[in-house]
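This report describes the fold at several scales, from single residues to a sheet. Please consult the sequence and the model shown below while reading.

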Amino acid sequence: MDDKFGIIDKLGRGLDASVSKHYLPNATLASDNPNKTDSSAYIRAIRARLIELGYLGEGHKFANRHNPQTDRILIKKIKQFQHDAGITQDGWAGKLTWRVLECLVSFENQQSPALWGTVWRKAASEKWRSLWQQSTQENQHHIWLLKGEVLQNKTVMRAVYCRLYTLGFFTDWDKHRIHTKTIINPSENADFQNAIDQFCVFAKQLKLVKNACSGLDINLLNAMFEYDNIVARLGDNTHFAPAFTAYPNTIEAIARVELWLLGYDISPGKEQTIRRATRRFKKRTFASVSKTQLAVRQFYSDYPVVRLSDNENDKIYDERSDNRQPLNAALMAAFSALSTSIEVTDSDNESLNASVSQLWQSKSKQNALRTQFNKLANGIFDGLKRMVSWLFGAVKRVLEKTKEVIANIARYISKKARTCYLSVVKAFDIVYSGMSYLKGHAFHYGAPSKTCFAHDNDFDQFCCIDSKALPHQISFDRTQYGFQAKLYAAGLTIVGHLLRIAQRIVRTVSSPVGWLLALLSLANVANAIKAINQQISLVEKYELDVTHRKSLFKTRIS
Amino acid sequence: MMGKFKDAMQTMADGIGDLSKLDVVTFQGSVTLNATDTAPLKFDAVMSSAMGNATVAVKVLASTQTSIDGDIVAFYDKDITEEQRLAHADLVLAGAESRAASIEFVRSIVGEIADL
């Protein structure tokens with residue numbers, strides 16, 4: 001028994017050592033839900049966040065996970081991220097790593113940098129948390145746990161860069177996109193410092209910070225990551241109007257983030273356009289349309305109440321005129337209201353049920369609901385149509401590009417087929433002629449003939465030569481007979497190969513992994529055909545005798 | 001075609017029993033054949049025709065017996081001409097090749113059937 005426990009102890013120590021050397025993941029840091037950490041969706045989400053922070057290149061977005069190299073790179077980058085964030089480096093993207101990533105990237109959750117320390121280091125006690133919640137804005141920075149460290153943390157600086165980029169504080173969307181080699185120290189990157197300064201002014205305008213800030217500090221960090229506050233302030237027209245005048249790009253970027261969060265077909269960051277076709281006098285023309293404009297228009301159509309609440313001072317979006325500015329304070333207020341989490345109580349459920357019942361009683365509202373569903377169905381159908389037309393276009397383009405290659409392949413196949421056909425015809429004739437050798441009849445050539453050749457069943461050979469036969473007659477006849485024997489040997493070899501092909505086909509059909517075997521057999525079949533061709537070429541003198549009465553093939557093939 | 005193939009296989013199967021030895025005999029006699037394809041000749045008929053001629057005696061010009069263990073016994077008549085000798089040598093070669101091809105064919109077929 002002691003020995004058994006000794007082995008278990010040894011095994012346990014080995015496992016511990018493997019975990020400590022990071023050969024095995026640390027299971028204690030893993031998520032409570034193993035399905036969550038193992039799923040490919042989770043890996044994709046981790047990868048997307050690392051790309052967003054510039055730890056992974058853009059190319060990894062669609063990387064095939066079945067490539068072991070991909071996972072090795074991912075683990076390496078997770079370790080780098082963990083090192084930069086100051087958490088345990090085990091390459092295992094468990095619960096803690098996920099939370100840190102959420103803090104840095106998310107626009108919805110963990111919006112208080114002040115609480116990040118508690119999440120990252122698990123240092124905060126309940127006492128500290130209550131102290132923080134009771135504190136006023138003035139003294140909050142005094143109880144900041146990691147005040148100095150957070151601003152020096154590389155991951156935080158990357159997150160700041162990423163946030164400022166997404167909110168449009170950089171001058172060039174393409175040039176300033178974060179990547180693995182981006183310099184994230186403001187003192188060494190003038191563009192980054194400029195973006196921070198721009199945000200300072202923006203935050204001051206929105207009264208998110210009280211004093212004029214000089215560089216990145218805790219208050220500015222809070223203002224930057226407490227994103228809901230920014231949207232809420234922009235909901236007020238007194239803040240919106242000057243901000244929109246000074247920072248139109250930022251306002252559009254914020255609208256994009258909000259619409260993306262609400263599930264519209266748009267992504268945060270750089271403005272995107274799509275090509276729309278218009279038909280005029282039977283002529284089809286394409287024009288680029290801003291996706292932001294389209295999404296805002298769709299939002300107004302989905303939430304008409306927003307438009308109704310606009311007052312005269314706001315620049316109201318009008319469907320009849322696309323030139324008018326659709327972004328306004330009311331829109332931002334609507335975004336802010338929609339992002340506020342609502343606690344659902346039983347009474348809410350009851351009122352919802354009542355509303356639904358009421359909806360069904362009214363004919364006009366039923367119609368409105370039906371229209372909405374129709375719109376939804378049309379949207380799905382349109383998407384499908386677009387996908388099919390794209391696929392059709394892609395196939396057409398590929399075919400056009402490879403037309404010449406396909407034509408060449410067709411020519412090659414037809415040439416091979418002609419050669420093969422000739423081989424098949426010859427092979428059949430060889431087998432047919434060869435088999436006649438076995439009949440046991442006497443062979444004589446020419447009429448009248450002076451020699452006679454024969455063999456019996458066990459290939460004992462007999463020959464009778466006329467004493468008056470001339471040498472050239474004997475020579476001709478023996479060559480003919482020798483050739484007949486060669487045809488027999490070649491015919492037998494060909495039949496052997498054909499039987500082998502047939503056997504492979506039988507095996508392929510009867511096997512449960514038929515298709516796999518079929519693929520493997522192709523190579524063998526090709527070899528058999530090559531061997532048949534070799535036999536035919538060995539009988540060099542052989543030509544199809546189409547004039548023979550018993551010839552199977554009556555037309556000469558060339 | 002299939003009937004012919006079946007006959008050939010049957011013939012070959014009959015001969016398997018005596019594949020251990022290969023006998024090649026070349027005769028000299030009076031032979032003039034005018035037969036066509038419609039009436040296949042049998043060697044026995046040819047020999048009886050040769051022997052039927054009283055003026056020309058049928059004699060054995062050459063004979064070779066090859067055993068499977070490599071022993072070869074050969075006999076050549078002293079009056080044999082060069083062409084007749086070559087014809088005999090060709091017959092030995094044809095017999096050896098045909099037999100080897102048949103054995104190889106049977107071997108491969110048995111192998112394939114065993115694989116099935």
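F225(A) lies in helix α12 (residues 218-225) of chain A; helices here are DSSP runs of H or I with at least four residues, strands are runs of E with at least two, and both are numbered from the N terminus. The model is predicted, so local features need pLDDT of at least 70 and side-chain atom pairs count only at pLDDT 80 or more, while totals for chains, interfaces and linings use all residues. Residues are numbered from 1 along each chain as its sequence is written, and chains are lettered from A and ligands numbered from 1 in the order in which they are written.

**Two buried residues**

F225(A) has 23 other C-beta atoms within 10 Å and is therefore buried. A residue is buried if 20 or more other C-beta atoms, placed from the backbone, lie within 10 Å of its own, exposed if 12 or fewer, and partly exposed in between. L234(A), in helix α13 of chain A, is also buried. The table sets out one C-alpha to C-alpha pair for each residue.

| Residue | Other C-beta atoms within 10 Å | Paired residue | Separation in sequence | C-alpha to C-alpha distance |
|---|---|---|---|---|
| F225(A) | 23 | C103(A) | 122 residues | 8.9 Å |
| L234(A) | 26 | I251(A) | 17 residues | 8.7 Å |

Neighbours within four places in sequence aside, L234(A) is in contact with H239(A), F240(A), A243(A), I254(A), A329(A) and M332(A); contact requires C-beta atoms, placed from the backbone, within 7 Å.

**Helices and cores of chain A**

Chain A contains 23 helices and four strands, and 27% of its 558 residues are buried. Of its contacts between residues at least 6 apart in sequence, 57% join residues at least 24 apart.

The axes of α13 (residues 227-234) and α18 (residues 329-339) of chain A come within 7 Å and cross at roughly 140 degrees. Axes are lines fitted to C-alpha atoms, for helices over the stretch in contact, with angles from 0 to 180 degrees between N-to-C directions. On the α13(A) side the contact is made by D228(A), V231(A), A232(A) and L234(A), and on the α18(A) side by A329(A), M332(A), F335(A), S336(A) and S339(A).

L234(A) is also among the residues that touch the most other members of the largest nonpolar core, a group of 70 residues. Such a core is a set of buried Ala, Val, Leu, Ile, Met, Phe, Trp, Tyr and Cys residues joined through C-beta atoms within 7 Å. A second, separate core has 38 residues, including F443(A) and F459(A).

**A sheet spanning two chains**

Five of the five residues of strand β3 (residues 451-455) of chain A are buried, so this strand is largely enclosed by the rest of the structure. T451(A), F453(A) and H455(A) point one way, and C452(A) and A454(A) the other. β3(A) runs antiparallel to β4 (residues 461-466) of chain A, with five bridges joining them; strands pair if DSSP finds at least two bridges between them. F453(A) has C463(A) as its bridge partner in β4(A). Five residues lie between these strands in their hairpin, where F459(A) takes a positive phi near 65 degrees.

β4(A) pairs in the parallel sense with β1 (residues 21-29) of chain B over six bridges, and I465(A) has Q28(B) as its bridge partner. The resulting open sheet has five strands in the order β3(A)-β4(A)-β1(B)-β2(B)-β3(B), with mixed pairing. Its edge strands are β3 of chain A and β3 (72-76) of chain B, each pairing on one side only.

How values were computed. Two residues are in contact if their C-beta atoms, placed from the backbone, lie within 7 Å.
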